[in-house]
Amino acid sequence: MDSALIPKGVKRCPIWQFALWIGANGAVLAWGGFAMLLVYIKGLNQTNMNNAYGFALWIWADLAVIALGGGAFFTGFLRYIVGKDELKSIINYAVLIGFICYSSALMILGFDIGQPLRGWFIFWHANVHSMLTEVAFCLTCYFGVLTIEYIPMVLENRKLDKIPFFHNLSHNMHEIMAVFAATGVFSVLFSSRIPGRGARRSVRAALWLPGRGTGLALDIFSVHLVRCRLRTVLYHFYYQNNRNHHTQEIGQRQCHRSSGQNIRLDDIFLYYCQDH
Amino acid sequence: MEKKNAKKFGMVIDLDKCTGCGACMVACYAENNIPFREDDTDKMLSISWMHVYRLNNGKPFPDYEECFLPRPCQHCEGHHGHSPCVSVCPATATDYDMATGIVSQIYPRCFGCRYCMAACPYHVRQFNWWDPIWPDGMEQMLNPGVSVRMRGVVEKCSFCIQRYQAAKDQAFLEGRREIEEDEYQTACTQACPAGAITFGDLNNPEHAVHQLALPDPRHEGRSNNPLAFRLLERLGTNPKIYYLSSREWVRRAGDNYLKAEFKTKAHS
């Protein structure tokens, strides 16, 4: 029934393996969901924070994922504006990572405040001198841009693509994606300049450097990491079942690589599937 | 921009007179409906707008000395009203009033980000980790002029601004534009049995607080009284609480002086 959604050559893993992975991930998610409910229902007194330590360690995670998410814009900038075609294979992953990071950062901010229902006051009664206002506006803008960038990836679904409206929308959006990438990278690069004075320079440097300098590297690393994890799982399904065909393909691509052609993410994946 | 005839309410606390009795804290609790819990022993979680600290000179007996230091909100002016908490509040839930010099807190607008608590160098801002639960019957004793705060918002000393509003209303009804010095006094000032706290308008030379603090407007309110000091004055927060002490070690305890650094004004 769902064979059309499964890539060619890939088979389902055993149910116990599927349940194990889903269970492990689900347990972590359930833990987070339970903590979120506790904070919402009982309040921030559940967090063990106090008047002397009014911020918890998750702020560290919050800032880290913002830095990681910034790589999406820089990758988009290099791909669409500078024209680095080598990043073609990673741009979708970078956007996805950025989307997850910024939505997570906003979500963390959402349950880190004492009165979540008043969270919109930060936009309604905005204090232009506050760096937190700046952060909230920037995060929301980035999230909006990434949502727009991410929409074509959803619309590329083969079922959705059959609907003419979505088909035309996704194909036309691709053509103007450079505008969104430029908007994103412009807002990331220059947003801190708008009210930036004094102490904010140091904060800007602290966010800018990891966000833009290493965001791209982190994105590549994340994709690399995910591929590594997938390698062992997919090895049997992807390689063993198609040994002869892919051995030939690997050979061909290695020739391309040695001849200076662009390395694709699939090449990296196939490289991992080889016997070392 | 400071308005013409603007007031600048401030306080002088004579540490030589303070006995550390805590009457100011109790009066503050009663006046401002400050919540407390059944077990309020964890002071990291409790709320007190006026807190009395106990200092000592770090020397062994018989040279041991100690001093009590009451600490309300310092109502910092900073540079042109940019006090640390006001600058960082993302929702403008706290404001510096140029007409009175009071740093206000708007409870229904605060959404509890606690950024102001991180910015305040005096730890005067405290968070409502719980909703207030009053003992049976105590609701009848709450001050109707002060709103109680809900869980998840930050609160702090307001210089009993409800008393200022009441005094202004009274003056208006009597056809006056200005209020007298004794018409607006904070609860802690009135409760102090030793008379250690003096409150009034720092801009008005007739007020006792001005005569004690001798603020220099050309140097952001720095006191010309050699016995006076302000807490962490060198941060540039420009606070409006002045402390008086005849003891050198107490004055030095008000800021982070290096051991080899110059002595404070009284002995220089």
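Which helix of chain B comes before the segment that holds B:Tyr257? I looked this up first and found helix H7 (248-253) of chain B, with B:Tyr257 in the segment after it. I note here that the model is a predicted one.

**Entry: B:Tyr257**

I checked whether the residue is covered. B:Tyr257 has 24% relative accessibility, and since buried means under 20% and exposed over 50%, it counts as partly exposed. I then took a distance to B:Cys188. The two residues are 69 apart along chain B, and I read 30 Å between their C-alpha atoms.

**Entry: chain B overall**

I counted secondary structure next. Chain B holds seven helices and 12 strands. I compared its radius of gyration, 19 Å, with the 18 Å from the globule rule for 268 residues; the two are close, so chain B is as compact as a globular protein of that length. The C-alpha trace spans about 50 × 45 × 40 Å along its principal axes.

I looked at burial and surface together. Of the 268 residues in chain B, 52% are buried. The accessible surface of the chain is about 13,200 Å², and carbon and sulfur atoms account for 55% of that area.

I also looked at how far apart in sequence the contacting residues are. Taking contacts in chain B between residues at least 6 apart, I find that 60% join residues at least 24 apart.

For charge, I noted 31 positive and 33 negative side chains in chain B. The centres of these two sets are 6 Å apart.

**Entry: backbone in the loops of chain B**

Which residue does a cis peptide bond join to B:Phe61? I found B:Pro62, with omega at about 10 degrees. B:Pro62 sits in the loop between strand S2 (51-56) and strand S3 (66-71) of chain B.

I then looked at two histidines. B:His80 has a phi near 55 degrees, which is positive although the residue is not glycine. I place B:His80 in the loop that runs between S3 and helix H2 (84-88) of chain B. Its relative accessibility is 68%, so B:His80 counts as exposed.

B:His123 also has a positive phi, near 55 degrees, in a residue other than glycine. I find B:His123 in the loop between helix H3 (115-119) and strand S6 (126-127) of chain B. Is B:His123 buried or exposed? I put it in neither class: its relative accessible area is 47%, and B:His123 is partly exposed.

**Entry: B:Glu139**

I moved on to the loop between S6 and strand S7 (154-155) of chain B, where B:Glu139 is found. B:Glu139 has 43% relative accessibility and counts as partly exposed. I took its distance to B:Ile179, which is 40 residues away in sequence; from C-alpha to C-alpha I get 31 Å.

**Entry: two helices of chain A**

I checked helix lengths in chain A. Helix H1 (residues 15-42) of chain A has 28 residues, which at 1.5 Å a residue should span 40 Å; I read 38 Å between its end C-alpha atoms, and this agrees. Just after H1(A) comes A:Gly43, with a positive phi of about 100 degrees.

Helix H2 (residues 58-82) of chain A has 25 residues. From its first C-alpha to its last I read 35 Å, close to the 36 Å expected at 1.5 Å a residue. What follows H2(A)? I noted A:Gly83, whose phi is positive, near 85 degrees.

Terms used: Residues numbered from 1 in each chain as written. Chains lettered and ligands numbered in written order. Predicted model: local features only at pLDDT ≥ 70, side-chain atom pairs only at ≥ 80, totals over all residues. Heavy atoms only, no water. Helix = DSSP H or I, 4+ residues; strand = E, 2+ residues; numbered from the N terminus. Rg over C-alpha atoms; globule rule 2.2 N^0.38 Å. Buried < 20%, exposed > 50% of the residue type's maximum accessible area, 1.4 Å probe, protein only. Contact = heavy atoms within 4.5 Å. Areas by Shrake-Rupley, 256 points an atom, 1.4 Å probe, with all protein chains shown as cover. Lys, Arg positive; Asp, Glu negative; His and termini not counted. Charge placed at Lys NZ, Arg CZ, Asp CG, Glu CD. Expected span 1.5 Å × (residues − 1).
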